[in-house]
Amino acid sequence: MNKWTTNIIKSCALIMNLAVMNSAVSGVVLTGTRVIFADGQKDKTIYFQNKDHYPNLVQIWLDEGDEDSTLENNQSPFAVSPPIFRINPNTGQSVRLLFTGEGKVPADKESLFYMNFSELPAIKKQDSDENRLMVIFKNRVKVFYRPKNLKGSPIDIYKELKFKLEDNIKPHRLIIENPTAYYANVKELNLISEEKNIAIKQNELIAPKQTVNWTVNADNKIIKNPKVKITLVNDYGVLVDHVISLNL
């Protein structure tokens, strides 16, 4: 086999491995879809599982919204123990999340942070295929710090959200005010009019005491007797639908 043919074969193998990488899924998963850290807790135990048939090395760190943060340069009022660990196939690992920001976060509303965890297969070189790419997966999970004595309840946040449709301008706008102390985690929001759904937003957060303006791509004929159908994500990661009438 000549050098040119060898290079072609290696290139094909690389392309195939890249395809596998793009279609692969993370083997290390967190139990739960988010973390709620209540004020007064010294620490909170979170649990990871390795569903792969090989061991993985895992790194964990938190940040304040910087997606480019790393284990070395992250900034947040949390510490993790242990921050780096090996997790064997089909086993679990408990990790302690400790709050270190007493007096450094708002006391009148929730604060949002992100927990990152990356995984790398812990495979010896002699046990791996030299043409196989070692893929590093990175996951981000929301961490909500919830102070004591906040007014209202996160369960009833939909009752407090205020909606206003501005249909006298183009494009139309839906104005949403969140006067509560809690984050509104919006999985999906639709404007319902005459049995038609007009998709507005997906996978958005409305921060406490924040007002957002979302564009509605529809004409006046469609927007008649509208209602808002909002799907919120609760503390347990469950999707809950609410239909709310608009007073125009």
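This report describes a predicted model, taking in turn its largest pocket, its salt bridges, its backbone geometry and a nonpolar surface patch.

## The largest pocket

The largest pocket of the predicted model encloses about 360 Å³ of space. Its lining is made up of 21 residues, and those closest to the centre of the pocket are Pro154, Ile155, Val233, Asn234 and Asp235. By class, 13 of the lining residues are nonpolar, while four are polar and four are charged.

Several elements of secondary structure contribute to this lining, each with at least two residues: strand S2 (34–38), strand S9 (137–146), helix H2 (157–160), strand S12 (184–193), strand S15 (227–233) and strand S16 (239–245).

## Salt bridges

Side chains of opposite charge can pair when their charged atoms come close. The structure holds seven salt bridges, and one of them joins Arg140 to Asp63, with 2.7 Å between the closest N and O atoms. Because Arg140 belongs to strand S9 and Asp63 to strand S4, this pair ties together parts that are 77 residues apart in sequence. The two partners are set in unlike surroundings: Asp63 counts as buried, at 1% relative accessibility, whereas Arg140 is partly exposed, with a relative accessible area of 28%.

Glu166 and Arg173 form another salt bridge, for which the N to O distance is 2.5 Å. Here Glu166 counts as buried, since its relative accessibility of 17% is under the 20% limit, and Arg173 is partly exposed at 30%. A network of salt bridges with shared partners joins Glu110, Arg146 and Asp235; of these residues, Asp235 was named above among the lining residues closest to the centre of the largest pocket. In the salt bridge between the side chains of Asp156 and Lys159, the N to O distance is 3.7 Å. Asp156 is partly exposed, with a relative accessible area of 32%, while Lys159 is exposed, with a value of 54%.

## Backbone geometry

Two peptide bonds that lead into proline are cis in the model. The bond from Ser81 to Pro82 has omega near -5°, and Pro82 lies in the loop between strand S5 (78–81) and strand S6 (84–87). The bond that joins Lys170 and Pro171 has omega of about -10°, with Pro171 placed in the loop between strand S10 (162–166) and strand S11 (172–178).

Positive phi values also occur at two asparagines, Asn149 and Asn203. Asn149, with phi near 60°, is located in the loop between S9 and H2, and it counts as exposed at 78% relative accessibility. Asn203, for which phi is about 55°, is instead part of strand S13 (residues 196–206); this residue too counts as exposed, because its relative accessibility of 53% is over the 50% limit.

## A nonpolar surface patch

Leu57, Leu120 and Ile136 make a nonpolar surface patch of about 250 Å². Of these residues, Leu57 is found in strand S4 (residues 56–63), the strand that also holds Asp63, the partner of Arg140. Leu57 is partly exposed, with a relative accessible area of 38%, and it therefore passes the requirement of over 30% that applies to residues of a patch. Strand S4 thus includes both the partly exposed Leu57 and the buried Asp63.

Notes: Residues numbered from 1 in each chain as written. Predicted model: local features only at pLDDT ≥ 70, side-chain atom pairs only at ≥ 80, totals over all residues. Heavy atoms only, no water. 1 Å grid on protein atoms, 1.4 Å probe; cavity = no way out; pocket = protein on both sides within 12 Å on 5 of 7 lines; lining within 4 Å. Points joined across faces, edges and corners; volume = space filled by probe spheres on them. Helix = DSSP H or I, 4+ residues; strand = E, 2+ residues; numbered from the N terminus. Nonpolar A, V, L, I, M, F, W, Y, C, P; charged D, E, K, R; others polar. Patch = residues over 30% accessible without salt bridge, like charges linked within 9 Å, V, L, I, M, F, W, Y side chains within 5 Å. Areas by Shrake-Rupley, 256 points an atom, 1.4 Å probe, with all protein chains shown as cover. Salt bridge = Lys/Arg side-chain N within 4 Å of Asp/Glu carboxyl O. Buried < 20%, exposed > 50% of the residue type's maximum accessible area, 1.4 Å probe, protein only.
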